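Trainee: I've got a structure open and would like to talk through it with you. Can we start with a single residue and then move on to the rings and the strands?

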Amino acid sequence: MGMPMAGRQRSKRDLRRERTPPLFPTVLGPFEIVHADAFDWLAQAQPCSIHAVVTDPPYGLIEFSPRELQKMRNGHGGVWRIPPSFDGCQRSPLPRFTVLTEKHRLELRAFFKLLAERLLPILVPGAHVFIATNPLVSHYVYDPFLEAGFEKRGEIIRLVYTLRGGDRPKNAHEEFPEVSVMPKSCWEPWGLFRKPCEGRVQDNLRKWKTGGLRRISATEPFKDLIASAPARGFERVAAPHPSLKPQHFLRQLVRASLPLQEGIILDPFMGSGSTIAAAAASGLQSVGIELNDDYFHLATKAIPILAECEPEELARLGAKK
């Protein structure tokens, strides 16, 4: 795979064809977005061509199937729990991982086994993988990555407090008013893995430009605890994806993922393009892959909008909506 060009997109049929002219002006970090199945793309990518991965995958489950997405859009729920509005604000849907069957759990593990096996050869030695997960299913993500040969380098804890409920016995909350069925989640884990380095970290940094994480400054290291409110307001208007992550959070991850700010960041499950926008805003090269037609076309519009706004400006504009 060659170096990504700013804002280029290819259809599934054009993966091997001549590249098209840039979709957006080259004013931010160069990026390429591809309309394709992530696993097919990974199978064709060149070995040692990607320097970092930052992604929020769909978990290979039923929640992003056409049937369940249509239920969500119609407000019927299905695997998506549609929470009621609160103080006039309509809250975002949330996948109900507690309804997974044993078949779904096996599919989930198989999904991440295949992902880990296809990522490993295309990553350079020392490349890091930041992968979003959920406290209920994180073990289905982590074990396959370890079995494939990745090193676990910890977790990034995203402190995020939402207004979602679901913590009382269903249809019996009045009978048991002081009972919670499980702790209310106030955090989101992002697994952090690394492809083994060639020799010492310093040797790997010199050769591959990877192996470590970029510090916040010379005196302050990158930390594994990041406070992050849900994406709201202007960001959600620009990129209405059910699993949208805020620019304030994603820009910290993409910056840390390239210790010398050199190389290519991959998001194989791009969604509305928020990770690609964060990389572009940070002046970093990136490639995004998305299979869903609606989300791919959304990303073509949302990426330049999100990338050109500062997180503080996004919050200010969102407050006016």
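Trainee: Which strand does Thr55 lie in?
Mentor: Bear in mind that this is a predicted model. Thr55 belongs to strand β3, which covers residues 50–55.

Trainee: Buried or exposed, that Thr55?
Mentor: Thr55 counts as buried, because its relative accessibility is 1% and the cut-off for buried is under 20%.

Trainee: And what is Thr55 in contact with, leaving aside its neighbours within four places in sequence?
Mentor: With those neighbours set aside, the contacts of Thr55 are Phe130, Ile131, Ala132, Trp190, Asp267, Pro268 and Phe269.

Trainee: Switching to rings, how many aromatic pairs are there?
Mentor: The count is 8 aromatic pairs. One of them joins Phe39 and Phe111, whose ring centres are 5.3 Å apart with the planes at 90°, so this pair is edge-to-face. In sequence the two are 72 residues apart, with Phe39 in helix α1 (residues 38–44) and Phe111 in helix α3 (residues 102–122).

Trainee: Are those two buried or exposed?
Mentor: Phe39 counts as buried at 12% relative accessibility, and Phe111 is buried as well, with a relative accessible area of 12%.

Trainee: What about the rings of Phe111 and Phe269, how is that pair classed?
Mentor: That pair is tilted, because the planes are at 35° while the centres are 5.7 Å apart. Phe111 is in helix α3 whereas Phe269 is in the loop between β10 (264–267) and α8 (274–281), so the pair ties together parts that are 158 residues apart in sequence. Phe269 is itself buried, with a relative accessible area of 13%.

Trainee: So which residues do ring pairs link into a cluster?
Mentor: The cluster consists of Phe39, Phe111, Phe112 and Phe269.

Trainee: New topic, then: which rings have a charged end sitting over them?
Mentor: Among them is Tyr142, where the charged end of Lys152 sits over the ring at 4.9 Å from its centre. Another is Phe249, with the charged end of Arg158 over the ring, 5.5 Å from its centre.

Trainee: Last one, how many residues of strand β8 are buried?
Mentor: In β8 (residues 187–194), 7 of the 8 residues are buried, and the strand is mostly covered.

Trainee: And which strands does β8 pair with?
Mentor: Strand β6 (residues 123–132) pairs with β8 in the antiparallel sense over 5 bridges, and there Phe130 has Leu192 of β8 as its bridge partner. Strand β7 (residues 151–159) also pairs with β8 in the antiparallel sense, over 7 bridges, with Glu188 of β8 as the bridge partner of Arg158.

Terms used:
Residues numbered from 1 in each chain as written. Predicted model: local features only at pLDDT ≥ 70, side-chain atom pairs only at ≥ 80, totals over all residues. Heavy atoms only, no water. Helix = DSSP H or I, 4+ residues; strand = E, 2+ residues; numbered from the N terminus. Buried < 20%, exposed > 50% of the residue type's maximum accessible area, 1.4 Å probe, protein only. Contact = heavy atoms within 4.5 Å. Phe/Tyr/Trp six-rings, centres within 6.5 Å; stacked < 30°, edge-to-face > 60°. Lys NZ or Arg CZ within 6 Å of the ring centre and 35° of its normal. Pairing = 2+ DSSP bridges.
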